[in-house]
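I opened the model to look up its empty spaces first, then some helices and single residues. My entries follow in the order I made them.

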Amino acid sequence: MSTGTNTHYLQLLSKLFPTIADAATEVINLEAIMNLPKGTEHFLADLHGENEAFEHVLKNASGNIKRKVNEIFGNSIRETEKKELCTLIYYPEQKLELIKAQETDLDDWYRITIHQLVKVCRDVSSKYTRSKVRKSLPDDFSYIIEELLHERTEDQDKAAYIAVIVNTIISTGRADAFIEAICNVIQRLAIDQLHILGDIYDRGPGAHKIMDTLKQYHSWDIQWGNHDILWMGASAGNDACICNVLRLSLRYANLATLEEYGINLVPLATFALEVYGEDPCEEFLPRLLPGNTMDEKTQQLTAKMHKAITVIQLKEESQIFCRHPEWQMKDRCLLESIDPEKQVWHKDGKEYEMKSCNFPTIFQNDLNNPTYTLTSEEADLMKKLHHSFRISEKLQKHIRILLSHGCMYAISNSNLLFHASIPLNDDGSLKEVEIYPGKKFCGKELMHNIGIMIRAAFNTNVSNQNATTDEYPRDYARDYFLYLWCGKDSPLFDKSKMATFERYFLTDKETYKEEKGAYFRLRNNEEVCDRILDAFDVNGPNRHIINGHVPVHVAKGENPIKAGGRLMVIDGGFSEAYHSETGIAGYTLIYHSRGFQLVQHEPFTSTQDAIQRGTDIKSTTQIVEMSAHRMLVADTDKGDELRSQIADLKQLLHAYRHGIIKEKRN
């Protein structure tokens with residue numbers, strides 16, 4: 001930077017640092033920060049509404065807190081005591097209630113425990129500046145915790161001082177509140193940055209609870225997944241997405257999130273009973289996960305609602321496919337190939353037997369003329385459902401949070417993060433995809449422009465005229481959510497088709513096959529991964545792709561580390577619906593100052609078990625890659641930012657010392 005050509009910028013900077021002393025002090029501060037250990041990053045993917053497991057993994061930092069407790073106390077305390085301490089850190093309020101009901105000498109327990117918690121807090125805070133730690137402290141105990149963190153009992157002159165602080169906390173009846181506060185600080189400082197690689201929504205019962213937790217989390221980002229996009233599309237008013245959201249919720253008998261968002265399902269239930277009241281809808285019976293005690297009558301009603309919304313979905317999707325021939329998806333308009341008299345479905349001159357063929361709203365008046373037009377009753381129902389999604393204040397708030405914290409991809413410390421895939425040609429080169437007539441992109445530009453498209457659907461300032469360089473028509477953007485959900489070249493799908501119709505209605509399982517795109521076939525090739533990393537300008541000797549989307553089948557011997565360590569797939573099946581298929585309950589990835597650790601989790605029992613019996617998620621840690629030296633802030637993206645800031649401040653110092661800019665002393 002030349003001071004001559006950037007005087008205006010330096011004048012602005014001087015308002016923040018008005019004197020030589022101020023600027024010099026900040027340079028010293030930033031140089032010091034550069035030499036602190038790198039903060040710990042936490043990567044999770046495919047949460048699928050499993051809020052209890054998610055919150056526990058968040059609280060225990062994928063075993064990071066347990067590891068630190070073991071390192072700090074070693075053999076100085078018993079294993080049972082370490083387990084109790086960990087549980088207290090994870091669930092301080094609930095664990096305190098149990099301890100107070102059992103402990104005979106509570107004051108003594110308070111004294112011992114507070115000293116232990118201070119040791120743990122001191123350890124997790126050691127890689128941060130005092131300023132950053134101070135900002136993490138609760139107002140009520142900020143001064144006290146800071147004093148305890150920075151004074152050592154080994155110092156004889158300070159031992160009595162510290163003892164008095166602890167005793168006074170207890171004698172004034174503030175021990176419980178203090179313990180809760182310091183436990184929350186430990187949780188917060190154990191993880192510097194949380195990365196979620198998509199799919200918060202669907203299958204599990206608590207997506208809304210996960211969003212409530214994230215709303216208050218200190219630092220996180222998300223790379224949107226296909227299920228997140230589905231809910232985003234529904235909230236934007238895409239009726240096909242609304243149908244898909246309802247269908248998946250009914251399929252897994254998971255209505256808790258819909259109820260929390262105030263989505264009124266009474267009109268759907270009424271319609272389903274009227275139209276499919278005599279239909280057993282066997283292929284639409286919900287998939288009940290363990291613990292779901294839905295009675296038979298409710299199952300029957302759910303199945304009828306499930307079928308009703310699926311038929312409407314197929315109609316709504318076909319209308320959008322016909323509206324956008326450029327997507328080349330008219331072959332997924334499947335209802336016209338049904339022969340209701342023979343109860344078969346035609347394709348390429350071949351007949352396929354159907355499981356059932358009761359479609360009163362498709363063949364309304366003529367068995368030879370199926371229609372994609374909604375009946376007046378279906379149209380009235382969709383109008384009500386559309387209104388319900390659009391006016392849900394909590395849903396709209398959660399989607400705005402996804403928009404503000406999310407994007408299609410992110411680059412963090414030489415790691416490329418995205419949910420599912422990057423469209424590729426069969427030879428491994430980047431595939432050019434047309435996302436709007438006349439607008440074709442590949443790789444980084446493709447992901448960037450899809451992000452712009454998604455935001456355009458929510459931008460009331462975007463017109464519905466021709467797209468400009470920087471924006472896309474709002475109505476087109478709203479329709480495009482469906483392509484992102486099931487389009488062949490969507491980076492969130494990347495398969496030949498979504499076989500929803502085939503799985504529900506056809507007996508031939510060969511028709512269920514969804515051929516994966518080139519990315520999934522080639523992602524174990526190191527050269528292909530390097531090509532993708534190059535295209536996204538991801539540099540560094542230890543660069544990686546990290547994504548989720550497709551569960552890793554550990555039970556079948558699949559390895560989550562691919563392409564010679566270039567790619568890490570961290571969807572191990574967080575969702576309970578996948579546990580029997582994958583053999584585990586998900587992966588999480590920890591990237592701390594010494595390297596990468598992949599943590600493989602077994603199923604979480606329950607929060608109640610964790611509190612009462614001290615059960616933790618059983619996890620196996622696999623060291624993926626360790627650094628030869630401990631990574632510092634200087635080695636990270638943050639370090640690059642700080643170097644730039646230091647250079648600017650040095651230019652300001654030069655301008656002050658040569659009279660180009662005058663100091664602003666009071």
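**Entry 1: terms and ground rules.** I worked on a 1 Å grid over the protein atoms alone: a pocket is an open set of points with protein on both sides within 12 Å along at least five of seven lines, a cavity is a set where a 1.4 Å probe fits but cannot get out, and lining residues have an atom within 4 Å of a point. This is a predicted model, so I noted that local features need pLDDT of at least 70 and side-chain atom pairs pLDDT 80 or more, while totals for chains, interfaces and linings use all residues. Residues are numbered from 1 along each chain as its sequence is written, and side-chain values use heavy atoms, with hydrogens and water left out.

**Entry 2: the second largest pocket.** I looked up its volume and got about 880 Å³ (the space filled by probe spheres set on the points, which are joined across faces, edges and corners). Its lining has 32 residues. Nearest its centre lie Tyr128, Lys132, Asp192, Val633 and Lys638. By class I found 9 nonpolar, 12 polar and 11 charged residues in the lining. Here Ala, Val, Leu, Ile, Met, Phe, Trp, Tyr, Cys and Pro count as nonpolar, Asp, Glu, Lys and Arg as charged, and the others, Gly among them, as polar.

Which elements supply at least two lining residues each? I listed H2, H8 (130–136), H11 (175–190), strand E2 (193–196), strand E8 (409–412) and H27. Such labels are DSSP runs numbered from the N terminus: helices are H or I with at least four residues, strands E with at least two.

**Entry 3: helix H2.** I followed H2 from the pocket lining. It covers residues 20–34, and its 15 residues reach 21 Å from first C-alpha to last, close to the 21 Å expected (1.5 Å times one less than the number of residues). I marked Ala23, Val27, Leu30, Ile33 and Met34 as buried (under 20% relative accessible area with a 1.4 Å probe, protein chains only; exposed is over 50%, partly exposed in between). Seen down the axis, these buried residues fall within an arc of 130°, so they line one face of H2 (the arc is taken over directions from the helix axis to the C-beta atoms). Thr25 and Ile28 are exposed on the face turned away. The buried residues of H2 pack against H27 (637–657), with contact meaning heavy atoms within 4.5 Å.

**Entry 4: cavities.** I counted 3 cavities of 30 Å³ or more. The largest holds about 120 Å³. Its lining includes Gln313, Glu317, Met329, Arg332 and Cys486. H17 (296–323) and H22 (500–505) each supply at least two lining residues. The largest share, 4 residues, comes from H17. I split the lining into 7 nonpolar, 2 polar and 2 charged residues.

**Entry 5: helix H18.** I checked H18 (376–390) next. Its end C-alpha atoms are 21 Å apart, which agrees with the span for 15 residues at 1.5 Å a residue. Glu378, Leu381, Met382, Leu385, Ser388 and Phe389 are buried. They fall within an arc of 120° seen down the axis of H18, so they line one face. Ser376 and Lys383 are exposed on the other side. I found the buried residues of H18 packed against H13, H14, H15, H16, H17 and H19.

**Entry 6: two buried residues.** Is Phe284 buried or exposed? Phe284 counts as buried, at 0% relative accessibility. I placed Phe284 in the loop between H16 (266–276) and H17. Leaving out residues up to four places away in sequence, Phe284 touches Ala303, His306, Lys307, Thr310, Tyr504 and Phe505.

Val166 sits in H10 (156–171). Val166 is buried too, at 2% relative accessibility. Its C-alpha is 8.2 Å from that of His115, 51 residues apart along the chain. With the same exclusion, Val166 touches Arg111, Ile114, His115 and Leu148.

**Entry 7: positive phi.** I noted His48, which has a positive phi of about 45° although it is not a glycine. His48 lies in the loop between strand E1 (41–44) and H3 (51–60), and is buried at 2% relative accessibility. His549 also has a positive phi, near 80°. I found His549 in the loop between strands E12 (544–547) and E13 (561–562). His549 is buried, with a relative accessible area of 14%.
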